[in-house]
Amino acid sequence: MLTPAQVNLIQISFEEALSARDDLVTDFYKTLFEKAPSVRGMFSEDMSGQSKKLASMLQLAVRNLNDPAALVGPLHTLGAKHVAYGTQPAHYSVVGEALVESLKNAVGPTWTAEHSEAWNKALSFVSQTMLAGATKATSVEAV
Ligand code: HEM
């Protein structure tokens, strides 16, 4: 799991990224659609509502990194919803890459390899937990 130093690094860099770019989430989607053009059609034309939902979820996750057990329920539910969106397990890595790239660009030269490591670890926890929720949803459907 994340060390207290990694939690701290994530919380501080998230604040820095948001104050450097209030369009952080918009930039994330732009990066995602450049890296994986095939996923663009899964989203609505107007991304403003979606951007707000993603920003709130990221805020919730970043705030609760010290207490990951509190995130498991909401992330299972979110992962289950993503089955209906057509999300494949392989999509999670490109989403993680795009998010780390946008954060890095927003934070600028003070970004270090430790930032990337901490964020990758946190996003891997988020993705794995969402995927566990997706599996649960799929097996309930199959019954
Ligand atoms: C870090 C992992 C992810 C997080 C935190 C996340 C977060 C969210 C949130 C909060 C919503 C809104 C759910 C609602 O309306 O209640 C959403 C919707 C959605 N997500 Fe994700 N997501 C993640 C990964 C992915 C991946 C890997 C894909 C696949 C490309 C994806 C595709 C979508 C789509 C298509 C929607 C619905 C958009 C719409 O209604 O137009 N997400 N996501």
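Which residue just after α4 takes a positive phi? Gly86 does, at about 90 degrees. The structure is a predicted model in which local features need pLDDT of at least 70 and side-chain atom pairs count only at pLDDT 80 or more, while totals for chains, interfaces and linings use all residues. Residues are numbered from 1 along each chain as its sequence is written, and side-chain values use heavy atoms, with hydrogens and water left out.

**The iron and its helix**

Helix α4 covers residues 69–84; helices here are DSSP runs (H or I, at least four residues; strands are E, at least two), numbered from the N terminus. His82 lies in this helix. Its NE2 atom is the single donor from the protein to the iron atom of the ligand, at 2.0 Å. Donors are N, O and S atoms within 2.8 Å of the metal (3.2 Å for Na, K and Ca), and since water is not among the atoms, sites may look incomplete. His82 is also one of the buried residues of α4, together with Leu71, Leu75, His76 and Gly79. Buried means under 20% relative accessible area, exposed over 50%, and partly exposed in between (1.4 Å probe, protein chains only).

**The ligand shell**

The ligand takes up the space of the largest pocket. A pocket is an open set of points on a 1 Å grid over the protein atoms alone, where a 1.4 Å probe fits, with protein on both sides within 12 Å along at least five of seven lines; a molecule sits in one if more than half of its atoms lie within 2 Å of its grid points. The ligand is surrounded by 18 residues, and the closest are Ser44, Gln50, Lys53, Lys81 and His82. A residue is near the ligand if one of its heavy atoms lies within 4 Å of it. Helices α3 (48–63), α4, α5 (91–107) and α6 (113–142) each supply at least two residues of this shell, and α3 gives the most, with four.

Three side chains place an N or O atom by an oxygen atom of the ligand, as tabulated below. A polar contact is a pair of N or O atoms within 3.5 Å; within protein, one must be able to donate a hydrogen and the other to accept it, and residues adjacent in sequence count only if both atoms are side-chain atoms.

| Residue | Distance to a ligand oxygen atom |
|---|---|
| Ser44 | 2.9 Å |
| Lys53 | 2.9 Å |
| Lys81 | 2.4 Å |

**Aromatic rings**

Rings of Phe, Tyr and Trp (its six-membered ring) pair if their centres lie within 6.5 Å; planes under 30 degrees apart count as stacked, over 60 as edge-to-face and the rest as tilted. The count comes to five aromatic pairs. The ring centres of Phe28 and Tyr29 are 4.8 Å apart with planes at 55 degrees, so this pair is tilted. Phe28 is buried, at 3% relative accessibility, and Tyr29 is buried at 5%. Ring pairs link these two residues with Phe33 and Phe43 into a cluster.

**Helix α1 and the start of α3**

Ser13 lies in helix α1 (residues 4–20) and is buried, at 1% relative accessibility. Its side chain reaches the backbone oxygen of Leu9 at 2.7 Å. Gln11 is found in α1 too, but is partly exposed at 23%. The C-alpha atoms of Gln11 and Gly41 are 32 Å apart, with their positions 30 residues apart along the chain. Ser48, in helix α3, is partly exposed at 37% relative accessibility. Ser48 and Thr26 are 22 residues apart in sequence, and their C-alpha atoms are 8.3 Å apart.

Technical notes
On a 1 Å grid over the protein atoms alone, a cavity is a set of points where a 1.4 Å probe fits but cannot get out, and a pocket is an open set with protein on both sides within 12 Å along at least five of seven lines; lining residues have an atom within 4 Å of a point.
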